[in-house]
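Biologist: I would like to go through this model with you and ask how each label is earned. Shall we begin with the ligand?

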Amino acid sequence: MRGRFVTFEGIDGAGKSTHLDWFVGTLRRRGLDVVQTREPGGSPLAESLRELLLHREMPIDTELLLMFAARRDHLDRLIRPTLADGRWVVCDRFTDSTYAYQGAGRGASSERIEWLEAWIHGDLQPDRTYLFDLDPALAARRRSSARAPDRFEAEELAFFERVRAGYRLRAQADPERFVVLDGERPIPEIRVILEQDIATIWNT
Ligand code: ADP
Ligand code: TYD
């Protein structure tokens, strides 16, 4: 049986990283064999592309193509073989980030992203996606106390408003795959929702 593919999404500072390690630990304690990974990155070549994507200025088309180049390598070298082995993959960001950031945020056309998505992984979608939804102003305050910004995190509030709206549209269009989590809720409450949802993914 193919393993499950789970992704975490949301604007920077919404709470993804806080819950990811805990979520993977919870799955492992239940005896599941889980690989935790991230995008852009997750394979040696894709991690090199991540450095460029996060720190070098570039035109949007270049950014979009590099995202999918990194994704292709990550899928071929890590995600697909791991799922084929019956193991789970939990990934920090995936193609929903591209629709939200490059599409809604930077204005790349969704037709173009759809075309690239169909080419690179038309046969594979996450089984479950957790979207951490949070007001961008609050997310920015949480970020500023946590770390130095990369090229995306340095964007203005209006950019993150567009990204958030892009994510919400994605979730509305595919309510079976998405679970939207209110990032303003206390951490223990969010954990309860995640914990309860594991059984649902398991049984699908
Ligand atoms: P992301 O990975 O989405 O960029 P983080 O998980 O790094 O965000 O969270 C950013 C900051 O917000 C961290 O300092 C974290 O402790 C804090 N944080 C995360 N979730 C919550 C929450 N539900 N309530 C209050 N603070 C939170
Ligand atoms: P992330 O790993 O969440 O950053 P951090 O480690 O600082 O929490 O993601 C890196 C950045 O990459 C994030 O700002 C969003 C951006 N990104 C895109 O713009 N498009 C994409 O397709 C992906 C996967 C990420």
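Modeller: Gladly, and please keep in mind that this is a predicted model. A good place to start is arginine 185, where a backbone N or O atom lies 2.8 Å from a nitrogen atom of ligand 1.

Biologist: What makes that pair with arginine 185 a polar contact?

Modeller: A polar contact is a pair of N or O atoms within 3.5 Å. The arginine 185 pair is 2.8 Å apart, so it qualifies.

Biologist: How much of ligand 1 does the protein bury?

Modeller: Taken alone, ligand 1 exposes 570 Å², and the protein buries 76% of that.

Biologist: Which other residues make such contacts by the 3.5 Å cut-off?

Modeller: Glycine 13 is one of them, with a polar backbone atom 2.7 Å from an oxygen atom of ligand 1. Arginine 142 uses its side chain instead: a polar atom there lies 3.2 Å from a nitrogen atom of the ligand. Both distances fall within 3.5 Å, so both pairs count.

Biologist: And which helix gives the most residues to the shell around ligand 1?

Modeller: That is H1, with three residues. The shell as a whole divides into four nonpolar, five polar and five charged residues.

Biologist: Away from the ligand, why is leucine 124 called buried?

Modeller: Buried means under 20% relative accessible area. Leucine 124 has 7%, so the label fits. This leucine lies in the loop between helix H5 (110–121) and strand E4 (128–133).

Definitions and conventions: Residues numbered from 1 in each chain as written. Chains lettered and ligands numbered in written order. Predicted model: local features only at pLDDT ≥ 70, side-chain atom pairs only at ≥ 80, totals over all residues. Heavy atoms only, no water. Polar contact = N/O pair within 3.5 Å; in protein donor to acceptor, adjacent residues only side chain to side chain. Areas by Shrake-Rupley, 256 points an atom, 1.4 Å probe, with all protein chains shown as cover. Helix = DSSP H or I, 4+ residues; strand = E, 2+ residues; numbered from the N terminus. Nonpolar A, V, L, I, M, F, W, Y, C, P; charged D, E, K, R; others polar. Buried < 20%, exposed > 50% of the residue type's maximum accessible area, 1.4 Å probe, protein only.
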